[in-house]
Amino acid sequence: MLPLPFRGEGWGEGDARMTRFAAAFAKGPALVCFITGGDGDTAANLDALVAGGADVIELGMPFTDPMADGPAIQQANIRSLAAGTRTADIFRLATEFRARHPHVPLVLMGYSNPMTIRGPEWFAAECGKAGVDGVICVDIPPEEDADLGPALRDQGVSLIRLATPTTDTARLPAVLDGSSGFLYYVSVAGITGTQAAAQASIDEAVARIKAASSIPVAVGFGVRTPEQARQIARVADGVVVGSALVDLVKQHGPDAPEVIRRYTASLAEAVHKAREIA
Amino acid sequence: MTVQTPIANSFRNQPDEQGHFGKFGGRYVAETLMPLILDLEKEYRAAKADPAFRAEFDDLLEHFVGRPSPLYYAPRITEHYRALAPEGKGPKIYFKREELNHTGAHKINNCVGQILLAMRMGKTRIIAETGAGQHGVATATVAARFGLPCTIFMGAKDVERQKPNVFRMKLLGAEVRPVTSGAETLKDAMNDALRDWVANVHDTFYIIGTAAGPHPYPELVRDFQSVIGTETRAQMLKAEGRLPDMLLAAVGGGSNAIGMFHPFLDDPDVGMIGIEAAGHGIDSGQHAASLSGGKPGILHGNRTYLLQDEDGQITEAHSISAGLDYPGLGPEHSWLHESGRVKYVPITDTQALEAFQLCCKLEGIIPALESAHALAALPNVTATMSEDQLLVVNVSGRGDKDIFTVAEHLGFEM
C-alpha cells in the first residue's frame with residue numbers, strides 16, 4: 001500500500017481533503033451523489049444535493065465517448081457538450097462549490113483523455129486549486145496508473161479506484177494499492193444506470209473488500225430507490241446514485257433543483273438510518 | 001504468426017510487456033474489462049506457442065480464405081506512371097491482392113485468428129463493431145463458419161449508407177444492432193460494442209477489427225495480418241530475387257498496413273508509406289488523418305494519435321471511405337510515425353476517386369476506396385523512384401461495396 005497522501009509538512013489543504021472524506025464516512029453510511037457537469041443548472045443542482053443530505057458529491061466531466069456509461073449519462077454528456085461545456089467550466093463549478101460548501105467532499109469523475117490531455121500535472125494542479133478532494137477516472141486501471149496517479153498524489157488529491165464483480169481476490173490488492181478516499185465498488189458488470197445487482201452479491205463483495213482493506217467502500221451502479229440504497233447501506237460505507245439523478249435533471253429542467261432535493265432527501269434518510277434497528 | 005528472433009534496435013520487438021509501443025498503446029479500459037484482457041493476453045501467448053493453433057489458422061487461411069493471395073505485377077499502371085515520371089524514373093508496381101480473399105478484403109485474416117482464440121477461451125458469443133461493414137461481414141462469416149451467435153454494432157448512419165453489407169451480415173446469421181449514440185458512425189459503434197462487452201464479459205468475445213484497442217489487441221491483430229507481409233516477402237523474392245524497395249498501404253485503424261509492413265520493419269532498405277484519409281483536405285478540418293491533423297490522446301483502450309479538440313474531446317472524422325472514417329489509428333503506427341521508420345502522407349477524397357477510376361480502367365481491378373487512397377500516392381512516390389526499383393501497393397479490399405458512393409460522386413444515377 002502506498003501511504004495516504006498526507007504531506008507531512010503541517011495541516012495543509014491535503015489534510016483538509018482527507019478530513020472531508022474521513023468526516024463524510026465517519027458518521028455512518030454516506031450518500032454519494034453524481035450529476036454531469038454542465039447539464040442543466042449544475043450549481044443549483046449541486047446545492048440541492050447538499051441540501052437534500054448528500055455526503056459526497058461526484059461531478060461528472062463530460063466526454064464525447066463515455067464508453068462505460070449507459071444511455072442516461074451518455075445523453076447527459078452529449079447535452080453538456082452541446083451546451084458548450086469546457087474543462088475550464090468544470091473547474092469553475094468545482095471552485096465555486098468549494099467556496100459555498102467548505103466541508104462537503106467533491107470528486108471529479110470522468111474519462112482519461114480530457115483529464116490527461118494537458119498533462120496529468122496540469123489536471124492535478126487544477127484539482128488542487130479548485131478544492132477537489134478526489135478523482136475517479138473510469139479508464140485508467142492500476143496498470144496505467146503512471147498516467148494520472150502520481151500527479152494526483154503529489155497534489156494530495158485522492159485517486160478513487162473502481163472495483164467490479166470481475167476484480168477477484170488476487171487482483172484486489174493491485175486496485176487498492178494507491179487508492180485513497182474511498183473505493184467505488186461497481187456492483188454489476190455492465191454500464192451505468194441499466195440494471196441492479198442482487199443484494200447477496202453486494203454483501204459478499206463488500207465483505208471481501210473490507211477483509212482486504214480499511215478503506216471505505218461505496219457501492220453504485222443501478223441504484224434508484226431508497227429501499228435499494230437502504231439495503232446496500234446496511235453493509236457498505238457508502239451508496240452511489242447517478243443515473244437516476246441525471247434523469248431528473250433532464251426531466252425537470254429549471255424545476256430540477258427542488259425535485260432533486262426531495263429525491264436526495266429520501267435517499268439520504270434511507271442511507272443514514274439503514275443501520276438503525278427497525 | 002511468424003516466430004521472430006529478437007535483435008537489438010529492432011522495430012519488430014514491440015510492444016513491451018505492458019502493451020506499450022514506446023509511449024503509445026497500453027490498456028486504458030474500465031476495471032470490469034481488465035481481468036478479461038489479461039486473460040486474453042495469457043491465452044494468446046499460449047496459442048502463439050501452440051503448433052496446433054497455428055496449423056489450424058494456416059489451414060483455414062488456405063482453404064477457407066483462399067490464401068496465399070497473389071502478388072500481381074501491374075503492367076499498365078507501371079507504364080502509366082513511368083510515362084509521367086522524369087526520365088529513368090517510375091518503378092515496377094506490384095499489387096498485393098488482398099481483395100481476392102474470401103469476403104473481399106484483408107479483414108478476414110484477423111477474424112479467423114480471433115474466433116479461434118475465442119473458442120480456445122470457451123467463449124460462446126461473438127460481438128464486433130463495423131463502419132463500412134467489411135469487418136462486420138468478415139466477423140459474421142467466421143461466426144457462421146463456427147456456429148457462434150454474433151452481434152454486430154454499426155452506426156445507424158452507416159446502416160443506412162451500407163445496406164448491401166447489412167443484408168450480407170443478416171444472411172450470414174448475424175444480428176446487426178444500429179447504434180444511435182454520438183454521430184452514429186464507427187467510433188460510436190465501437191463505444192457500444194465495448195458497453196455490450198462490459199455487460200457480457202463472462203461469455204462474450206469481442207473481435208476488434210483493426211490493430212487498435214487495449215493490449216493485446218494491437219499485437220494480435222498485427223500478428224494475424226502479418227501473413228500479408230510474410231507472403232509478399234516470399235513472393236517478391238521468388239518473382240524478382242530481392243526485396244521490394246517501397247510498400248504502400250492505406251491506414252484507417254491500420255491493420256492492412258501493419259500486416260504488410262511489420263515483416264519488413266527490420267529491412268532498412270525497404271521504404272514504407274502509410275496513407276491517411278485527408279477527406280476534404282487537412283486544412284478543411286474535415287478529414288480522418290490522425291497523424292497529419294491530430295495529436296496523442298487516449299480512446300478505445302489505447303494511447304495513440306487522435307482527432308480531438310484542446311479539451312481532449314474527440315472530433316468527428318470525415319472520409320469518402322467509410323473504412324477510413326475513424327478519428328484515431330493503431331498505436332503501433334503512432335510509434336512508427338514518431339520513430340520515423342514509416343512515413344505517413346495524407347490523400348484527399350478527390351485524389352482517391354481519381355486513383356480508383358484509373359485502377360479500374362488500367363488494370364481491370366475495382367479497388368476498395370480505402371485501397372484507392374494507397375493507389376493515389378503513386379503519382380508522387382513513383383516520380384522519385386527509379387525504373388529498376390520495386391514497389392508494392394496493398395490492395396486491401398475490392399470496391400464492389402463502394403460503387404454506390406463513387407457513382408454518387410461522379411454524378412451517375414444508380
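Start with chain B and colour it in two pieces: domain 1 takes 29–63 + 107–221, and domain 2 takes 68–104 + 226–409. Keep in mind as you click around that this is a predicted model. Drop a marker at each domain's C-alpha centre and the two markers sit 24 Å apart.

Now look at where these two domains of chain B meet. On the domain 1 side, 31 residues are in contact with 27 residues of domain 2. To see what domain 1 brings to that contact, select α4 (107–120), α5 (134–146), α6 (156–161), α7 (163–171), α8 (186–199) and α9 (217–225) of chain B; each of them gives two or more residues. Colour this side of domain 1 by class and you get 15 nonpolar, twelve polar and four charged residues.

Leave α8 of chain B highlighted and bring chain A into view. Here 28 residues of chain B are in contact with 32 residues of chain A. On the chain B side, β2 (24–28), α1 (34–48), α8 and β11 (295–299) each supply at least two residues, and α8(B) has the largest share, with six. The class colouring for this side of chain B reads 13 nonpolar, ten polar and five charged.

Next, hop over to chain A and select strand β1, residues 30–36. Seven of its seven residues are buried. Turn the strand around and you'll find cover on both faces: A:Ala30, A:Val32, A:Phe34 and A:Thr36 point to one side, with A:Leu31, A:Cys33 and A:Ile35 on the other.

What flanks β1(A)? Add strand β9 (residues 238–241) of chain A, which pairs with β1(A) in the parallel sense over four bridges; for one of the partners, go from A:Val32 to A:Val240. Then add strand β2 (residues 56–60) of chain A, also parallel to β1(A) and joined to it by five bridges. Here A:Thr36 stands opposite A:Gly60. Show helix α2 (residues 42–52) of chain A as well, and you have a right-handed β-α-β unit made of β1(A), α2 and β2(A).

Last stop: the largest nonpolar core, with 219 residues. Select A:Val135, A:Tyr185, A:Val239 and B:Leu248, the members that touch the most others. Both domains of chain B give residues to this core, so it lies between them. Finish by zooming in on A:Val135. Leaving aside residues up to four places away in sequence, A:Val135 touches A:Val107, A:Leu108, A:Cys127, A:Leu152, A:Val157, A:Leu159 and A:Ile160.

Conventions. Residues are numbered from 1 along each chain as its sequence is written. Chains are lettered from A and ligands numbered from 1 in the order in which they are written. This is a predicted model: local features need pLDDT of at least 70, side-chain atom pairs count only at pLDDT 80 or more; totals for chains, interfaces and linings use all residues. A nonpolar core is a set of buried Ala, Val, Leu, Ile, Met, Phe, Trp, Tyr and Cys residues joined through C-beta atoms within 7 Å. A residue is buried if 20 or more other C-beta atoms lie within 10 Å of its own, exposed if 12 or fewer, and partly exposed in between; C-beta atoms are placed from the backbone. Domain bounds come from an automatic or database domain assignment. Two residues are in contact if their C-beta atoms, placed from the backbone, lie within 7 Å. Ala, Val, Leu, Ile, Met, Phe, Trp, Tyr, Cys and Pro count as nonpolar, Asp, Glu, Lys and Arg as charged, and the others, Gly among them, as polar. Two strands pair if DSSP finds at least two bridges between them. A crossover is right-handed if, with the strands pointing away from the viewer, the path from the first strand over the helix to the second runs clockwise.
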